[in-house]
Amino acid sequence: MPSPKHIFDAVVVGAGIAGASIVKSLKNNDINNLLVIDKGLSGATQTSAHSEALCHPYIGRGPSRLQRLTFLAFNEARQVWATSWRGNGVFHLPRSQEGFSKEIMGERLLEQGFTPEKAVPLSKKDALAKINVNAGGTYFPEGGWVNIQGACHDVFEALLPSQARWSTEVDVINFENGCWYLQDSSHELIAVTKRLFLANGLGAQRLCESIKIDLPLKPVRGQLSRFRFNHDSSWVEHMPKVALSGKAYCLPPVLVEKDAYEWVIGSTYDEGVDDIDEWDESHLENSALMREMLGLELLSEELKAHSAFVGVRCVANDRLPIIGPVKGYQGLYTLTSLGSRGVMWSALASQMFTEHLAHEITHSAFLDARFFAGARLAAAGLTSDLAGALGAARFLAGASNSKLILPSG
Ligand SMILES: Cc1cc2nc3c(=O)[nH]c(=O)nc-3n(C[C@H](O)[C@H](O)[C@H](O)COP(=O)(O)OP(=O)(O)OC[C@H]3O[C@@H](n4cnc5c(N)ncnc54)[C@H](O)[C@@H]3O)c2cc1C
């Protein structure tokens with residue numbers, strides 16, 4: 001039987017960036033009788049133990065679903081993760097320079113809603129002068145990178161001791177008499193709540209299986225390399241002035257010792273692999289991708305691997321995140337499958353959950369078949385089809401996608 005110490009208004013399983021963004025939504029709604037549970041010793045010990053996560057909107061050939069979602073999510077990320085935001089722009093290089101035209105890209109950007117403050121097409125010549133990269137592409141002046149781990153620490157270190165349970169693995173969840181019961185592997189009761197948020201990456205798959213929800217998630221290993229090179233290396237002449245993205249991504253190199261630069265380059269993408277050991281071959285792959293992206297024959301031997309960040313991304317089969325209430329499961333919400341876009345998706349989710357919870361509270365009802373996005377996000381372009389594309393219902397047999405409630409007028 002649960003005692004009062006087990007009962008919470010909301011429980012969040014997982015203390016990575018997904019869990020942190022949900023805590024923000026709960027606090028925005030004054031839900032403070034909350035509990036965060038993680039099997040790690042503290043927050044951000046797994047994939048979110050990442051201090052250099054790049055963030056810029058996606059550009060497609062046309063205004064696709066992914067393009068429209070990242071356009072929105074990027075603006076939210078600038079606000080939600082403002083205190084952990086770093087950098088002064090991102091230059092995005094297309095996969096191939098063949099056929100790249102500044103004029104065509106300019107038209108495409110306008111069609112996708114980008115103003116010149118948001119995205120600027122650069123020719124090879126412009127890019128060499130502005131970024132020190134001899135290739136055409138698109139410059140996002142507001143782009144940058146986020147210290148995800150720092151952002152998580154800011155959120156979890158502000159919790160009271162009674163609001164967090166570390167070194168605790170949730171093994172079983174079940175729903176009885178309007179409440180979710182969480183147990184560990186020895187069937188000890190951990191918590192009871194009316195609102196359960198699964199924000200535990202790949203771990204959400206196993207917990208969902210136990211309540212007959214089959215989420216098609218898979219692991220994708222990634223390694224980010226921290227290289228060092230000397231001040232007399234041939235790389236010095238080619239150092240980009242801002243972060244780059246494309247076939248690979250990198251931050252601008254920084255001087256770390258009197259005569260040595262550090263250059264963060266990532267990230268490999270090994271589908272179906274969950275090994276978090278550092279691999280020499282991944283360092284080689286990262287340096288080769290960077291040479292290829294810059295179109296330069298620079299010596300890889302001059303880049304010495306100094307350290308690495310290795311993590312396992314959680315990816316759904318349609319590559320979109322899973323965000324929102326789960327249709328047919330009262331009081332159950334998911335935030336997983338953030339893939340390679342943890343910064344943007346967690347921020348969008350935080351804002352959507354803030355609005356959704358406010359709506360549930362005002363109506364004293366659970367809205368599991370609807371995801372309330374709020375007037376501001378709706379006005380910014382979050383339409384029903386986009387919100388529907390994020391819901392877990394897309395994977396549930398017999399359930400149509402969750403509908404977004406758009407405010408009238
Ligand atoms: C090499 C690499 C580079 C990347 N680069 C970028 C980038 O440039 N930009 C970007 O936006 N994103 C990037 N990402 C992706 C980003 O890091 C992830 O999307 C994000 O960190 C995922 O956060 P999460 O909270 O979903 O998962 P996690 O951080 O893994 O958190 C899940 C938590 O759940 C806990 N847990 C799991 N199961 C249970 C259970 N049963 N009980 C209790 N606790 C449990 C785990 O201990 C963990 O702490 C990159 C990822 C990698 C690997």
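**Exercise 1. Locate His6 and decide whether His6 is buried, partly exposed or exposed.**

Solution.
Step 1. In this predicted model, His6 sits in the segment before strand 1 (7-8).
Step 2. Count the neighbours: 16 other C-beta atoms lie within 10 Å of His6.
Step 3. Apply the cut-offs: buried needs 20 or more, and exposed means 12 or fewer. His6 is therefore partly exposed.
Step 4. List the contacts, leaving out residues up to four places away in sequence. His6 touches Leu189, Ala191 and Val192.
Step 5. Check a remote residue. Val315 is 309 residues from His6 along the chain, and their C-alpha atoms are separated by 32 Å.

**Exercise 2. Work out the strand order of the open sheet that holds strand 1, and name the strands at its edges.**

Solution.
Step 1. The sheet has 4 strands, in the order 1-13-12-11. The pairing is mixed.
Step 2. Strand 1 and strand 11 (172-176) stand at the edges. Each has a single partner strand, so one side of each is left without a neighbour in the sheet.
Step 3. Now take one pair. Strand 12 (residues 179-183) and strand 13 (residues 189-193) run antiparallel to each other, over 4 bridges.
Step 4. Pick out one bridge: Gln183 is partnered by Leu189 in strand 13. Leu189 is also one of the residues that His6 touches.

**Exercise 3. Place Arg68 and classify its burial.**

Solution.
Step 1. Arg68 belongs to helix 2 (residues 65-80).
Step 2. Arg68 has 21 C-beta neighbours inside 10 Å, so Arg68 counts as buried.
Step 3. Beyond residues up to four places away in sequence, Arg68 touches Pro63, Gly381 and Leu386.
Step 4. Compare chain separation with distance in space. Arg68 and Ile322 are 254 residues apart along the chain, and 16 Å separate their C-alpha atoms.

**Exercise 4. Describe the two domains and the contact between them.**

Solution.
Step 1. Domain 1 is assembled from 4-49 + 149-216 + 319-405, while domain 2 covers 218-316.
Step 2. Taken over C-alpha atoms, the centres of domain 1 and domain 2 are 33 Å apart.
Step 3. Domain 1 gives 14 residues to the contact, and domain 2 gives 7 residues.
Step 4. Sort the side of domain 1 that touches domain 2: 6 residues are nonpolar, 7 polar and 1 charged.

**Exercise 5. Which residues come nearest to the ligand, and which elements give two or more residues to the shell?**

Solution.
Step 1. There are 43 residues around the ligand. Gly16, Gly203, Gly222, Gly311 and Gly342 come nearest.
Step 2. The elements that give two or more residues are helix 1 (17-28), strand 4 (53-55), strand 15 (217-230), strand 21 (304-316) and helix 8 (342-363).
Step 3. Strand 21 supplies the largest share, 4 residues.
Step 4. By class, the shell holds 17 nonpolar, 21 polar and 5 charged residues.
Step 5. Map the shell onto the domains. Domain 1 and domain 2 each contribute at least three residues.

**Exercise 6. Test the length of helix 8 against its expected span.**

Solution.
Step 1. Helix 8 has 22 residues. At 1.5 Å a residue, helix 8 should span 32 Å; the expected span uses one less than the number of residues.
Step 2. The end C-alpha atoms of helix 8 are 31 Å apart, which agrees.
Step 3. Check the cover: 16 of the 22 residues of helix 8 are buried, so helix 8 is mostly covered.
Step 4. Look past the end. Ser364 follows helix 8, with a positive phi near 45°.

Terms used
Residues are numbered from 1 along each chain as its sequence is written. This is a predicted model: local features need pLDDT of at least 70, side-chain atom pairs count only at pLDDT 80 or more; totals for chains, interfaces and linings use all residues. A residue is near a molecule or strand if its C-beta atom, placed from the backbone, lies within 6 Å of it. Ala, Val, Leu, Ile, Met, Phe, Trp, Tyr, Cys and Pro count as nonpolar, Asp, Glu, Lys and Arg as charged, and the others, Gly among them, as polar. Domain bounds come from an automatic or database domain assignment. Two strands pair if DSSP finds at least two bridges between them.
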